[in-house]
Amino acid sequence: MSISRTLRYFPPADYFFKVESVSVLLNTRIEKYESRSFEVGGYKWRLCLYPNGINKSEGKGHVSLYLEISDPENLPLGWELCGQDRRYTNDMRSSTYLDADSKASHLNVIKTRCGIAQFLSLDELMDPCNGYLMDDCCIFGAEVFVIKYSGKGECLSVIKDPADEKLILYPRGNQKAKNKSLSLFLELARNETVLHQRKLYAEFESSIKDQKSSAYIKPSHADVWFSDSNEVWGFPNLISLSDLHDKPDDFLLNDTLIVQAKITLMIYSRNMTPSKTFNQHSMMF
């Protein structure tokens, strides 16, 4: 496990414990000491100290320090915690704290603790120049920062075959182009898809068929975010009424005008439903 070590001048915020008569403790048969439980972020924790190291994790010759959930049996089924270990020891000579910061850990019903087998070598601890041991006493501590997932989220996805659209044609123009232009608008056919803070982005184009040449002319392009406050968007001035009247043979055949609209891209933003994948907590220790 990769561990970074830094010094800081303020003590651990959540818990510390002082060990007196360290020399005596190191010569006893006590392999492990568990601190009292302390609560942070709605969870109960405890520090586990191995004065002579934990042999199973290559901690021999070191002080091993672990942080664990003290009541895992009371947590809901399938609980998970992800985070980063932070533990401290006090340099009493310089009034600083050695911050041992390991890589991210993942706690769950199987793995209920994380820690550092080689937190501090016994040689470093006993060396009076380091200041970790004073009057045969030393101080350890921990911090726990819990970030709870709120269940809120959003998913942005592309709609490959957009089909829920409706065209609205104003032969004599809408309010902005009244008696001036032919207006064409795109409206979502199912407005409920954009309700409740949901949005839909569309890129679309429209054109008019020249029925003499069978070509589509006067192309217009648009891109817009549809929402519950913006359900319709389009082209107020797709073609002027004067152009239609001046060239009726070009655009009208058997009193029929052909208008084409094409959606080239549609992206849908929707609220995410919390799932087991995201129903977890993240934290930093």
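Accessible areas here come from the Shrake-Rupley method with a 1.4 Å probe. By that method the protein chain of this predicted model exposes about 16800 Å², and carbon and sulfur atoms supply 50% of that area. The chain is built from 4 helices and 21 strands. Of its 285 residues, 41% are buried. Among contacts with a separation of 6 or more, 67% are between residues 24 or more positions apart.

**Nonpolar cores**

- The largest nonpolar core holds 34 residues, and V19, W45, L125 and F140 have the most contacts inside it.
- Leaving aside residues up to four places away in sequence, L125 touches V22, V63, L120, Y132, L133 and C138.
- Another core, of 20 residues, lies apart from the one that contains L125; L184, I208, F235 and L244 are among its members.

**Strands β6 and β9**

- Strand β9 spans residues 113-121 and is mostly covered, with 7 of its 9 residues buried.
- Strand β6, residues 62-69, runs antiparallel to β9, and 6 bridges join the two.
- One position in this pairing is L67, whose bridge partner in β9 is C114.
- R113 lies over the face of Y66, at 4.4 Å from the ring centre.

**Strands β15, β16 and β20**

- β15 pairs with β16 in the antiparallel sense, over 10 bridges.
- These two strands, β15 and β16, form a hairpin with 4 residues between them.
- In the turn of that hairpin, S214 has a positive phi of about 65°.
- β15 also pairs with strand β20 (residues 259-271), in the antiparallel sense and over 10 bridges.
- Opposite F204 stands I263, a residue of β20.

**Aromatic rings**

- The structure holds 11 aromatic pairs.
- One of them joins Y201 and W225 in a tilted arrangement, at 5.2 Å centre to centre and with 50° between the planes.
- This pair links distant parts of the chain, 24 residues apart: Y201 is in strand β15 (residues 199-210) and W225 is in strand β16 (residues 215-226).
- Y201 and W225 are also matched in the strand pairing, W225 in β16 being the bridge partner of Y201.
- Y201 counts as buried because its relative accessibility is 14%, and the limit for buried is under 20%.
- W225 has a relative accessible area of 39%, so this residue is partly exposed.
- Elsewhere, ring pairs link F17, Y33, F119 and F140 into a cluster.
- F140 is thus named twice, as part of that ring cluster and as one of the residues with the most contacts inside the largest nonpolar core.

**A buried loop residue**

- N174 lies in the loop between β13 (165-170) and β14 (181-188).
- Its relative accessibility is 13%, which means that N174 counts as buried.
- Apart from residues up to four places away in sequence, N174 touches S183, F185 and P236.

Notes. Residues are numbered from 1 along each chain as its sequence is written. This is a predicted model: local features need pLDDT of at least 70, side-chain atom pairs count only at pLDDT 80 or more; totals for chains, interfaces and linings use all residues. Side-chain values use heavy atoms; hydrogens and water are left out. Buried means under 20% relative accessible area, exposed over 50%, partly exposed in between (1.4 Å probe, protein chains only). Contact means heavy atoms within 4.5 Å. Rings of Phe, Tyr and Trp (its six-membered ring) pair if their centres lie within 6.5 Å; planes under 30 degrees apart count as stacked, over 60 as edge-to-face and the rest as tilted. A charge sits over a ring if NZ of Lys or CZ of Arg is within 6 Å of the ring centre and within 35 degrees of the ring normal. Two strands pair if DSSP finds at least two bridges between them. A nonpolar core is a set of buried Ala, Val, Leu, Ile, Met, Phe, Trp, Tyr and Cys residues joined through side-chain atoms within 4.5 Å.
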